[in-house]
Amino acid sequence: MTDQQSSTVADTPVNEPEQNAVKTGGRAGRNLPAAIAVGAMLGFSVIAILVFVPLVWVGVVAVAMAVATHEVVRRLREGGYVIPVIPLLVGGQAMVWLTWPLGTAGALGAFGATVVLCLIWRLLSGGLTHAPVNYLRDVAVTVFLAAWIPLFGAFGVLLVYPEDGGWRVLCLMLGVVFSDIGGYTAGVLFGKHPMAPAISPKKSWEGLAGSLVFGTTASVLAVVFLLDKPWWIGVPLGVMLVITGTLGDLVESQVKRDLGIKDMGALLPGHGGLMDRLDSVLPSAVATWVVLSLLA
């Protein structure tokens, strides 16, 4: 990025719509009507599954993890990384599906096995007569991907197994969605102070405050009315969802900035790739499982 481009980014109003938003119907060139339609369709589909056939959620997450992993691996390969995609994809499926009979041990055991297999796969990628180039870089990124996508996704699956599991997953989704709504609304209306301008110039501290209000309120209501648990459990849940969701979004923003790309893919009109929608949900799934396992 040139100095002139950096200055342009730095001067962009925090959390305010782009000048062409009226023409495109969205922010930063997004097609807002398409984004709303796709988001509504996905939301209704998830709710229907969790209410009527909650165990189907396992298959939904398994497919989503495979697609998201493929998206990121493809982008990394474009950037020159050599990722052992076959053991990563197979290991990712094992992390998700082994939660069904084995619970947390299944996910963690499959993660460990995936890491070992990926290390060996990359080591032998050039045969026994040629030492691999950039081995440390590639295996570090591969281990990061194994944790970031399928392992985090496995915690989203672990939420669905208790008797009230479908509602637990909905608590996760509602907290993340309303955190986003609160952050967007407060950022557009009041955003003046950038939170992480070097990573995501449009995120503001005012937006974070809006996320905390909306996300925590939604989590309190979800815990009370969906789980029939004390209201105070929703407070740490909401705060954790806001923190992990915001940091998850920043992590993906930095990854894309390192790779010089805008989106991980183009699967979802108005949203980008599937991973562009899961960036805040995946770490939030871990937070939800931890809070509800300890307190609910």
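A disulfide is a pair of cysteine sulfur atoms within 2.5 Å. The structure shown here is a predicted model, and zero disulfides are found in it.

**View 1. The whole chain is built from 13 helices and two strands.** The chain has 296 residues, of which 45% count as buried. About 14,500 Å² of the chain is exposed, and carbon and sulfur atoms supply 71% of this area. Among contacts in the chain with a separation of 6 or more, 69% join residues 24 or more positions apart.

**View 2. Two cysteines, C118 and C171, are shown in a structure that holds zero disulfides.** C118 has a relative accessible area of 4%. For C171 the value is 0%. Buried means under 20% relative accessible area, so C118 is buried, and C171 is buried as well.

**View 3. A62 is shown within helix 4.** This helix covers residues 56-78. Is A62 buried or exposed? The relative accessible area of A62 is 2%, and because buried means under 20%, A62 is buried.

**View 4. A62 is shown with residues that it contacts beyond its sequence neighbours.** Leaving aside neighbours within four places in sequence, A62 is in contact with Q93, V96 and W97. One of these residues, Q93, lies 31 residues from A62 in sequence. In space, the C-alpha atoms of A62 and Q93 are 6.0 Å apart.

How values were computed. Residues numbered from 1 in each chain as written. Predicted model: local features only at pLDDT ≥ 70, side-chain atom pairs only at ≥ 80, totals over all residues. Heavy atoms only, no water. Buried < 20%, exposed > 50% of the residue type's maximum accessible area, 1.4 Å probe, protein only. Helix = DSSP H or I, 4+ residues; strand = E, 2+ residues; numbered from the N terminus. Contact = heavy atoms within 4.5 Å. Areas by Shrake-Rupley, 256 points an atom, 1.4 Å probe, with all protein chains shown as cover.
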